[in-house]
Amino acid sequence: MRYHPLTILFRIYQLVRNSFVLVLFLFVIKGQSEFWLFEYGRYALIAVIIWRIIYIFSSWFTETYQWDDHSFHLRKNVFVKQTTTIAFSKIQNVTSHTTIFHKLFGYTSITFETAMDGIDDSITFDFVSKQHATFLKELAQNHSKKSTVNDVEEKESTPTPAKEPEQKGVIYFTPSKRELVRASFTSLSFLIIIPIITKLYEYAAQLLPNPEQYNGLFYQLVENKLLLFIIIVAAVLIAVILGLIKTFTRYGKYKISATDTHIFIKKGMMNESHFTIEKSKVQGLEFQQSMMKRIFGLVEVRLISAGKIAEDSVSVNSLYPFLSMQRAYHLVETLLPEYSLEKEMERLPLASLYSKLFRPSWIWLIATACLAYFKPAFLQIQSTWWIVSLLLFILVVVSRVLDYVNTQYTIANDQIQWWHGGFTNQLFVTKKRKVIEICCSQTLLQKIWNVASVSTMNRSSTPRVEVIDDVPLDFLKKLTAWYAAHDTQMNKRA
């Protein structure tokens, strides 16, 4: 069957949205420029847009999809005939996005991500009714649900806006207003006013008849202290209000629910996203703490999936980015009872700190060599290059000391977890059966201090590798014995 006809309109809308900045720049801001790059750029942009519109229409007529009891089957025939089959059992997680454009028609989009790496590693339906999206999701989850093409075509041909199907499961988390206000300040959302003012100034400067006559305006404002105070207060208020609006629209409807087998994450007010993952397909957990979140005792927990997850300003697989540490632990153990997070972990010995401090920093060495060669003079200060080099060296040392202080690790039953990181640290937790490879390495410097590095690899579209440096050799032996026991158990079962 063909994709919904409104898919054409949606893809043209995406084309307009993605081309808007280039069109504005080439045809409005630089519209009168005769520089060859801008002149030929305008012709190239027109050609690309025309080609893209032709492709959108032709692809709708030649791309079809269908399914059976076990798989999706996709067919493309624009330039090259191509058939793709993706089994339901290969689908790792499901994500749906409902933008403002979708809401105008009462539709949504849905993506099925697999653990494969390549062009056909996911299936995206850009424009489907919510009933059809629910049908496809249940079809993939149940592996056995049957339906005829004609039945669904009949549903698709009736563009009646439908209410979103009720999410099954128990709701475990929704942010309170207090948590949203705290998130607004922790995420520094109020700083959004800076790029807005910058952009407005850039556009306004293009429209001013004689920009040079406004050069002294800044100094006039500084001399008038009362006016300057009023402007600062107004700017702070606008920044806080904009930050709150941005936070509430992004996290206002955040909801985490779960059944015995699945976890559901919903977020967004204007643009909605739904993320669904089977509990048994969670490869591990990642707790992330920036410096700001550490000050406020907050953490972001992400569910690691073998499927590819689209990068966004807020990851769809995140269990709310501003959870308190205690609540994050409780929420994880409630949603995934098989994970029992250990609060008491082992710390690195003092020898690990020496190993970290004596390890050469290639970033600092290369930066210092470049600074010494070019000798930049910021504000006509001739000694700028060695001052910058010294500051960079201090940052490297502080980061390594923090990494030593933050690093903790433990092995408990079939689970391994460790904290590590400098200015931004993270906790990684996974199960033995989810680890597909363990690698140990030791440099000459580490050999002096009797420490080594360990990495684990988890299954994903791009294999996920986690590394912890300068662990003692005793832990190394314990880890390899722990993982070898896994292989022994697997061999016995085989």
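The sulfur of Cys440 has its closest cysteine sulfur in Cys439, 6.5 Å away, and that is too far for a bond. A disulfide needs the two sulfur atoms within 2.5 Å. By that rule the count is zero disulfides. Cys439 is likewise in no disulfide, its nearest cysteine sulfur being that of Cys440. As for cover, Cys440 is partly exposed at a relative accessible area of 34%, and Cys439 is partly exposed too, at 37%.

Keep in mind that this is a predicted model. How confident is the predictor? The protein averages a pLDDT of 81, and 82% of the residues score at least 70. Among the elements, helix α12, residues 350-358, has the highest mean pLDDT, 93, while helix α5, residues 149-156, has the lowest, 46. Over residues 144-166 the pLDDT is below 50, and this stretch has 33 contacts in the model beyond near neighbours in sequence. I will leave that stretch there.

Now the overall numbers. The protein has 494 residues, and 39% of them are buried. Its secondary structure comes to 16 helices and 20 strands. Take the contacts between residues at least 6 apart in sequence: 59% of them join residues at least 24 apart. The exposed surface is about 28,200 Å², with carbon and sulfur atoms supplying 63% of it.

Next, the record. The UniProt entry, which is unreviewed, lists residues 12-29, 41-61, 180-201, 226-245, 362-379 and 385-402 under "transmembrane region". What do two of these spans look like in the model? Residues 41-61 are 100% helix and 0% strand, with the end C-alpha atoms 31 Å apart. Residues 385-402 are also 100% helix and 0% strand, and there the end C-alpha atoms lie 26 Å apart.

On to the packing. Which residues of the largest nonpolar core touch the most other members? They are Leu285, Phe287, Leu319 and Tyr320, in a core of 34 residues. Several elements supply at least two residues each, including helix α6 (177-186), strands β10 (272-278), β11 (282-289) and β12 (298-305), and helix α11 (325-335). The largest share, five residues, comes from α11. A separate core has 23 residues, among them Tyr3, Trp67, Ala133 and Leu136.

Tyr320 is worth following outward. Setting aside residues up to four places away in sequence, Tyr320 touches Phe173, Pro175, Glu179, Leu180, Ala183, Tyr251, Tyr254, Ile256, Val299, Glu300 and Val301. Three of the names there bring us to helix α6, where Glu179, Leu180, Ala183, Ser184 and Thr186 are buried. The buried residues of α6 pack against β7 (170-173), α9 (225-251), α10 (291-296), β12 and α11.

Helix α11 also holds Thr334. Is Thr334 buried or partly exposed? Its relative accessibility is 28%, so Thr334 counts as partly exposed. Thr334 and Tyr172 are 162 residues apart in sequence, yet their C-alpha atoms are 8.4 Å apart.

Back to α12, the helix with the highest mean pLDDT. Leu353 is found in this helix. At 14% relative accessibility, Leu353 counts as buried, because the cut-off for buried is under 20%. Leaving aside neighbours within four places in sequence, Leu353 is in contact with Val401 and Tyr404. The C-alpha atoms of Leu353 and Arg400 are 7.9 Å apart, with their positions 47 residues apart in sequence.

Last, two backbone angles. Where does Lys375 lie? Lys375 is in the loop between α13 (362-374) and α14 (384-406). Its phi is near 45°, a positive value in a residue other than glycine. Lys375 is partly exposed, with a relative accessible area of 48%. Asp470, which also is not glycine, has a positive phi near 60°. Asp470 is found in strand β20, residues 464-472, and counts as buried, at 0% relative accessibility.

Methods
Residues are numbered from 1 along each chain as its sequence is written. This is a predicted model: local features need pLDDT of at least 70, side-chain atom pairs count only at pLDDT 80 or more; totals for chains, interfaces and linings use all residues. Side-chain values use heavy atoms; hydrogens and water are left out. UniProt positions are given in the numbering used here, feature names are shortened, and annotations may be inferred rather than shown by experiment. Helices (H or I, at least four residues) and strands (E, at least two) are DSSP runs, numbered from the N terminus. Buried means under 20% relative accessible area, exposed over 50%, partly exposed in between (1.4 Å probe, protein chains only). Contact means heavy atoms within 4.5 Å. Accessible areas come from the Shrake-Rupley method with a 1.4 Å probe; for residues, only the protein chains shown count as cover. pLDDT is the predictor's confidence in each residue, from 0 to 100. A nonpolar core is a set of buried Ala, Val, Leu, Ile, Met, Phe, Trp, Tyr and Cys residues joined through side-chain atoms within 4.5 Å.
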